[in-house]
Amino acid sequence: MRKILLILFALLFFPFLAIGSEDPTASWQPKFDPSGAKYTYILSNVSHPAIEGVAVGYRIRDRVWERTNGQLYVDFRPLAQLGGERDVLSKLRMGAVHGMLCSSVAAANLNDRLGLVNLPFVINSFDRLEAFRENEELFSAFQEAPLQQGVLAIDVTTYGTYGWASRTPVNTLEEARRVNFRIAEAPVNIDIYRAWNLRFTVMPWPDVPQALQTGVIDGLDHTPTTLNISRKFDIAKHYTHVDYAQGLYVHLTNKRWLDRLPEDIREIFLEVVAEESAIARQKGRQQQEDQIAAAKANGVTFVRLGEEDLQTLERMAKPVYEQWEPRIGSEYVQQVREYLKDK
């Protein structure tokens with residue numbers, strides 16, 4: 001039954017990746033027997049490991065196994081094997097799931113401060129993401145934000161920079177107003193699109209293929225990497241670089257599970273997560289370039305929204321900052337924006 005569900009999920013989300021494979025995760029199975037592990041870390045993600053920011057889960061699994069001499073097994077479950085993100089967030093708080101590579105758009109459902117990374121034009125480039133991650137004071141405040149929920153944000157990876165895919169060309173903000181964009185079920189994003197006065201439909205990701213094919217939506221708010229890997233560019237063959245936010249996977253860990261690990265095992269686990277997440281962020285940057293090149297070769301057109309329109313979007317987003325800064329922490333948001341403004 002589990003294999004059948006995996007295949008159905010992969011066919012729905014990433015159809016070309018599931019073709020010819022009985023089990024879409026078959027090529028990522030461990031080359032060791034985990035049955036003798038003293039400790040197990042159940043790690044969830046809803047997406048496909050073809051995305052570098054997701055594949056990190058398997059690389060963490062293998063390195064942790066090697067570094068701990070087989071004492072800790074990272075049981076990585078991508079492709080929503082453990083449920084949708086809201087469901088898994090509940091399981092994570094209870095400890096039924098130990099870890100989660102949670103999309104940044106969903107992370108704000110756990111804690112408002114995690115919504116920082118969704119604010120428009122704040123952490124909106126690979127360079128700014130890396131600068132934020134390397135600032136110990138600023139990133140520690142982000143990591144510790146969900147502690148009241150019994151969760152720690154131990155690191156982040158990326159799935160690229162957000163923009164607009166559409167069935168018709170969008171070269172200007174005026175042209176964007178004619179498009180009905182699908183956006184994620186995420187509180188910050190909803191407020192952004194309201195402030196921008198753009199048409200949008202909040203829709204679960206599994207509903208997108210049919211909605212796009214039937215014209216219920218004619219645009220998508222997402223990243224080039226995800227759009228090309230999931231074949232959304234087959235229909236929405238135009239992309240507008242807006243670069244207003246980075247799409248992240250926030251690595252959330254149940255703090256009680258983490259604290260119960262022996263100190264030496266815990267240190268190895270956190271070291272490996274930090275090292276592999278840093279590698280994954282660099283791989284994610286390169287993957288975006290590669291996926292854009294592949295999409296262009298298949299006839300997808302790419303344009304960049306003009307500077308004047310981008311300034312308009314940033315100005316129109318002022319109510320979003322005013323609404324979310326007190327929830328995230330006004331002083332903290334200002335510190336982050338000031339630190340990153342020249343990055």
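These exercises, each with a worked solution, concern a predicted model.

**Exercise 1. Find the edges of the open sheet and explain what marks them.**

Step 1. Write down the strand order. The 6 strands run β7-β6-β8-β5-β9-β11, with mixed pairing.

Step 2. Look at the two ends. β7 (200-202) and β11 (301-304) each have a single partner strand, so one side of each has no neighbour in the sheet.

Step 3. Add the twist. From one strand to the next, it averages 25°.

Step 4. Check the pairing of β7 with β6. Strand β6 (residues 181-183) pairs with β7 in the parallel sense, over 3 bridges. R182 has T201 in β7 as its bridge partner.

**Exercise 2. Test whether the length of helix α13 agrees with its residue count.**

Step 1. Count the residues. Helix α13 (residues 263-297) has 35.

Step 2. Work out the expected span. The rise is 1.5 Å a residue, taken over one less than the number of residues. For α13 that gives 51 Å.

Step 3. Compare. The end C-alpha atoms of α13 are 50 Å apart, which agrees with the expected span.

Step 4. Look past the helix. G299 follows α13, and its phi is positive, near 95°.

**Exercise 3. Describe the largest nonpolar core and the surroundings of L119.**

Step 1. Size the core. It has 90 residues.

Step 2. Pick out the residues with the most contacts inside it. They are L116, L119, F132, F142, W164, W196 and L252.

Step 3. Take L119 and set aside its neighbours within four places in sequence. L119 is then in contact with V188, Y244, V320, Y321, W324, I328 and V333.

Step 4. Look for a second core. Another one, of 16 residues, lies apart from the largest; V208, L212, I217 and V300 are among its members.

Step 5. Set this against the general pattern. Nonpolar side chains in soluble globular proteins tend to be buried together.

**Exercise 4. Classify the aromatic pair of F132 and F142, and decide whether each ring residue is buried or exposed.**

Step 1. Read the geometry. The centres of F132 and F142 are 5.7 Å apart, with 80° between the planes. Planes over 60 degrees apart count as edge-to-face, so this pair is edge-to-face.

Step 2. Place the partners. F132 sits in helix α6 (residues 126-134) and F142 in helix α7 (residues 136-143), 10 residues apart.

Step 3. Check burial against the cut-off of under 20% relative accessible area. F132 has 1%, so F132 is buried. F142 has 0%, so F142 is buried too.

Step 4. Widen the view. The structure holds 22 aromatic pairs. One of them joins F132 and F139, also edge-to-face, at 5.6 Å centre to centre and 80° between the planes.

Notes. Residues numbered from 1 in each chain as written. Predicted model: local features only at pLDDT ≥ 70, side-chain atom pairs only at ≥ 80, totals over all residues. Heavy atoms only, no water. Pairing = 2+ DSSP bridges. Helix = DSSP H or I, 4+ residues; strand = E, 2+ residues; numbered from the N terminus. Axes fitted to C-alpha atoms, helices over the stretch in contact; angles between N-to-C directions. Core = buried A, V, L, I, M, F, W, Y, C linked by side-chain atoms within 4.5 Å. Buried < 20%, exposed > 50% of the residue type's maximum accessible area, 1.4 Å probe, protein only. Contact = heavy atoms within 4.5 Å. Phe/Tyr/Trp six-rings, centres within 6.5 Å; stacked < 30°, edge-to-face > 60°.
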